Amino acid sequence: MRMLARNPSVVIGAAIVAFLALVGLFAPLLGTIDPSEINPVYRNKKPGVERMIRGDDGKETVFVHRFGTDSLGRDIYSRVVYGARVSLAIGVMVAALSVAVGLTIGLIAGYIRWLDGFIMRIMDGLMAIPAILLAMGVVSLSRAGLVAVVIAIVIPDIPRVVRLVRAIVLSIREEPYVEAAITVGTPTPTLLVRHVLPNTVAPLIVQGTFLCGSAILIEAILSFLGIGIPPETPTWGNIMAEGRSLFRIYPHNIFYPGVCLAFAVLAINMLGDGLRDTLDPRFAKRV
Amino acid sequence: MAGITSVLDITNLTVDLPRGSDRPHAIEDITLSVGAGEIVCVVGESGSGKSVTAQAVMGLLPRELTASKGRILLEGENVLEATPARLRDLRGTRMAMIFQEPMTALNPVMTLGDQIAEVLEIHTELSEPDRRQRVLQIMRAVHLPEPERLIDVYPHQISGGQRQRIMIAAALVLDPALLIADEPTTALDVTTQAQILKLVRELQERRGTGVLFITHDFGVVAEVAHRVVVMQSGRVVEMGTREDILRRPQSDYTRMLIASVPSLVPPKRAPKTGQVALATEKLSKTYGTKSLIFGRGRVVRAAENVEIVVRRGETVGIVGESGSGKSTVARCVARLIEPTSGAIRIGEVDVAHLPERRLRPHRRNVQIVFQDPYRSLNPRRTVGASIVEGPVNFGLAAGEAMNRARRLMTLVGLSPDALGRYPHQFSGGQRQRIAIARALAMEPQLLIADEPVSALDVSVQAQVLQLIDDVRRRFDLAILFITHDLRVAAQVCDRIAVMQRGVVVEEGPTVDVFAAPKHEYTRALFEAAPGRNAMFGAAVAGAA
Amino acid sequence: MLAYVLRRLAATIPVMLIVAVLVFLMLRLTPSDPAAIIAGDNANSEQVAEIRKRLGLDQPILTQFVIWIGKTLQGDLGESFFFKKQVSDLILDRLEPTLSLAVFTIILAVLIAVPLGVIAAYRHGGWLDRIVMGFSVLGFSVPVFVIGYLLIYVFAIQLNWLPVQGYQRISLGIGGWLQRLILPSLTLSVVLIALIARITRTSVLEVMNEDYIRTARAKGQTERKVLIRHALANAAVPIVTVIGLGVAALIGGVVVTESVYTIPGLGRLTVDAVLARDYPTIQAVILLFSFAYVLINLAVDMTYTLFDPRIRY
């Protein structure tokens with residue numbers, strides 16, 4: 001634990017991620033308005049434009065569109081702030097789900113030899129299909145929406161987790177202390193949980209972190225291409241999708257969410273790097 | 001001694017360890033010398049600093065270590081003050097080094113010829129055909145078969161012994177004045193080791209090379225050394241001729257070390273008449289690979305028709321080199337792998353082909369102590385948890401199991417309070433004791449000891465062997481002792497079986513087999529044992 | 001050697017089979033009836049039934065699968081619902097732009113990334129090393145299209161050096177073709193460069209810790225020769241592996257890059273097909289890309305035998 005706190009990548013990455021999570025959580029309190037509110041009068045305004053808003057109490061106050069507005073007059077700043085919620089939530093959900101499913105399958109594949117070949121063939125097949133295409137294919141199968149997108153991103157990630165877990169299981173299986181546990185009569189399920197599973201925790205935390213980052217990117221790509229989350233719920237990806245056509249004249253549509261996205265994923269990747277350097281003994285020696 | 005020119009002269013050498021290490025210096029105040037034409041063996045246990053000394057001479061110290069004091073004179077030139085370019089000039093031409101693991105020390109993607117030729121490329125202006133001639137010449141000098149063919153072959157295609165010869169060839173091709181050998185035979189089989197030692201002696205005599213030979217094996221010292229330097233914890237403890245050190249050691253430490261080396265002469269032991277605990281019949285294990293599409297298979301007979309009998313109170317040894325099948329037999333008996341055919345009777349029951357569920361109740365009768373003390377305990381669990389795991393599996397209440405664990409810790413010479421600690425807090429020898437305690441916790445009839453002391457220092461080795469012997473007597477255990485070390489086998493085993501390529505070639509009471517080996521392989525094995533002609537060493541375990 | 005090649009080729013068949021099954025099942029897994037989708041909202045049940053029969057959707061699943069495999073192997077990939085053309089024609093039409101983009105990008109990336117990684121490993125710990133590592137993390141984190149728009153903004157809009165979007169066929173002139181390919185390739189190569197540079201650096205550093213490097217130094221070899229002759233030769237295998245893997249990352253990026261730069265390639269085709277739920281096209285494209293990926297990895301495996309004599313049967 002202490003070692004984690006000493007690694008600069010971990011600290012900076014975790015701090016930024018925490019910051020963004022808080023931003024998403026406290027979105028309504030951060031000077032935003034309804035991100036879906038359409039306002040034809042204020043379409044495509046440059047950042048800094050002001051306007052009057054009627055508050056709940058009937059009073060009129062000044063509101064500044066800090067990031068400008070999009071082609072439907074929606075406030076980009078509010079959309080970006082609310083977008084943090086969905087984008088980060090998707091990242092976490094995908095990571096958690098991929099790890100959970102991948103861990104289970106990986107343990108089975110590593111320990112039950114006759115299932116191993118069969119499972120790994122399917123995993124190889126899944127991995128042969130490039131991730132984006134697979135995700136796109138899955139999305140095309142159903143209505144667009146949060147669940148569909150999450151599942152679409154999880155499916156290509158599962159084989160990668162399975163591969164990692166299986167490799168760990170196979171190597172731990174050869175360790176003398178596992179053989180010793182067999183000779184003292186420890187049954188296989190207990191063996192897996194007690195001796196094998198703990199060795200998967202650190203690598204899975206690292207991989208899960210990277211999966212979170214990549215999930216956010218993939219969601220952004222899907223939304224950008226128009227096959228992700230529908231625009232009523234803002235995500236950084238679909239905000240950018242909106243801004244495509246008028247990019248030359250109104251680049252702010254793309255740059256603000258783009259920068260946030262890059263920032264978030266960068267922080268997550270830094271966190272992952274730092275975690276890997278501290279948690280995974282194999283990488284500890286490498287600078 | 002007079003008249004020999006000094007090739008290497010180390011005076012007051014001190015190498016510092018980085019801050020935060022358990023001692024300030026890796027080596028301190030080392031003074032030793034190597035003359036032309038003499039072999040100086042540096043002996044010590046792990047952590048003695050012998051390798052650091054060798055690396056310092058070559059200028060190959062790892063980044064964290066710095067030579068802070070002293071002088072290293074190579075043919076009169078101070079190596080510590082040489083520039084990196086000068087050091088590079090000296091390496092390969094005036095001083096050369098060979099290492100312990102020939103497989104990893106050779107570049108896997110370069111041909112053998114190229115690796116030797118590289119030395120010539122760096123330091124000479126020879127043309128390519130000339131280089132080739134020199135390479136072939138040196139390959140013949142190290143007695144490599146078919147040099148014309150091997151020159152274009154890769155390291156993984158030849159054996160360990162041959163690889164070490166290649167290393168020696170590359171080291172000696174430019175006739176350096178000093179050869180540093182860092183445990184060059186430790187990773188080799190006994191018979192291969194004997195050949196390499198012979199080769200080193202031969203080349204060294206012919207060319208007048210001074211050799212600094214690092215080793216931990218006193219047998220090797222007895223075989224090749226002219227002079228000996230004994231190191232402990234970074235300091236030189238004693239120095240002298242081979243005779244002086246082996247016969248008349250002055251310091252307590254040297255005396256203790258030599259006393260810990262088991263003698264090659266087995267004591268007379270009364271035959272054991274206890275109940276038969278283990279009897280294997282025609283035990284065989286075959287590994288075959290068959291390609292699905294192309295049909296051809298490669299069959300490896302790891303063990304063939306092995307018959308071993310061990311009685312209670314008796315220690316039976318299986319002796320062999322790598323690939324002999326001794327580990328395979330041990331793993332079959334422990335049912336870590338299933339034999340292809342044959343019977344394994346533990347008491348009355350044949351456990352050879354029992355399915356796991358029916359096998360489990362019988363597992364308590366056979367326990368095993370593994371070779372590597374650093375990997376046989378789960379690093380994430382306390383040693384107490386590791387010891388009680390077995391008894392709890394078989395229904396013993398947790399409290400009772402802990403009591404048993406405490407009793408056993410005392411028995412193996414460790415404090416019961418240490419049960420709450422983790423494996424990394426113990427030394428290698430202590431971990432082996434814990435492994436023994438874990439095995440005993442199951443109250444087995446048969447204890448398999450698979451090279452239990454091979455990874456331990458010689459002084460610790462003696463203690464663990466003593467412990468195993470005590471335990472055998474106290475619990476009337478049958479012990480199946482696997483080892484490649486003839487000395488250990490001589491002192492510890494009542495009977496031995498010698499295995500070669502999966503087959504038992506000879507077996508009988510230890511005394512008889514050692515005195516009059518019948519099979520030619522057994523004879524070759526004993527011939528190869530280093531230092532067998534030197535009279536030193538002690539009886540380690542009692543012959544009761 | 002030939003036996004080895006054949007054996008490896010044969011080993012790809014099960015994987016492709018699984019891909020085929022997965023792709024085939026995809027269509028059959030839709031909650032909605034594909035015939036109904038094609039027929040449109042205003043069709044009556046008779047028209048839907050007719051379309052179903054035409055597509056062969058009324059046969060048992062296994063028969064459908066076999067027929068589909070048969071047709072695919074002969075090159076008949078069906079007809080696109082959306083474009084009303086033979087899918088195979090569509091693909092052939094869009095092949096050139098995507099291929100140009102991909103090849104250009106790979107060459108660019110390898111030429112930049114491998115030397116960068118090697119130098120970073122050589123000057124391990126120095127400022128160049130840190131820059132390379134920092135840049136590579138950045139390269140993974142910024143989405144491809146953001147990079148694309150950034151480059152367009154700077155080079156095309158502000159500086160006006162290069163055209164903003166679009167693609168020109170080679171047949172219409174190499175100069176224009178190249179000009180339009182620069183920005184997209186640069187955009188796409190960023191991720192690839194980041195990946196390859198990083199793995200190159202890591203592999204070389206790992207190899208520098210091996211025993212035979214110590215042996216080479218003990219022979220008096222210079223640091224530079226040690227690096228090139230001993231380290232690089234052994235680090236080649238993981239580097240080549242990652243280049244193969246990078247191709248997979250590339251395929252994802254191609255889809256986005258073609259969208260950003262409005263290049264009429266296979267990537268755009270896929271997006272349009274997904275948006276239109278044009279299943280025959282989606283299936284065909286996924287199959288094609290997967291097959292390409294498997295073949296590329298096979299080729300990569302083959303090159304191992306060049307680098308590592310231990311892998312030679």
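B:D450 has B:I482 as its bridge partner in strand 19 of chain B. This pair belongs to a predicted model. Strand 19 covers residues 478–483 of chain B, and its pairing with strand 18, residues 446–450 of chain B, is parallel and runs over 5 bridges. In general, the strands of a sheet pair through backbone hydrogen bonds, in either a parallel or an antiparallel sense.

Strands 18 and 19 of chain B sit within an open sheet of 6 strands, ordered 17-18-19-14-20-21, and the pairing in this sheet is mixed. The edges are taken by strand 17 and strand 21 (503–509) of chain B; each has a single partner strand, so one side of each is left without a neighbour in the sheet. On average, and with direction ignored, neighbouring strands of this sheet are turned by 20° against each other.

A helix also packs on this sheet: helix 20 of chain B, residues 520–528, touches strand 20 (495–500) and strand 21 of chain B. The direction of helix 20 makes about 100° with that of strand 20 of chain B.

The other topic is the contact between the two chains. Here 13 residues of chain A are in contact with 20 residues of chain B. On the chain B side, at least two residues each come from helix 13 (356–363), strand 17 (366–369) and helix 14 (383–393). Strand 17 of chain B is thus named twice, as an edge strand of the sheet and as a contributor to the side that touches chain A. The largest share of that side, 3 residues, is supplied by helix 14 of chain B. Sorted by class, the side of chain B that touches chain A holds 8 charged, 7 nonpolar and 5 polar residues.

Note on methods: Residues are numbered from 1 along each chain as its sequence is written. Chains are lettered from A and ligands numbered from 1 in the order in which they are written. This is a predicted model: local features need pLDDT of at least 70, side-chain atom pairs count only at pLDDT 80 or more; totals for chains, interfaces and linings use all residues. Two residues are in contact if their C-beta atoms, placed from the backbone, lie within 7 Å. Helices (H or I, at least four residues) and strands (E, at least two) are DSSP runs, numbered from the N terminus. Ala, Val, Leu, Ile, Met, Phe, Trp, Tyr, Cys and Pro count as nonpolar, Asp, Glu, Lys and Arg as charged, and the others, Gly among them, as polar. Two strands pair if DSSP finds at least two bridges between them. Axes are lines fitted to C-alpha atoms, for helices over the stretch in contact, and angles run from 0 to 180 degrees between N-to-C directions.
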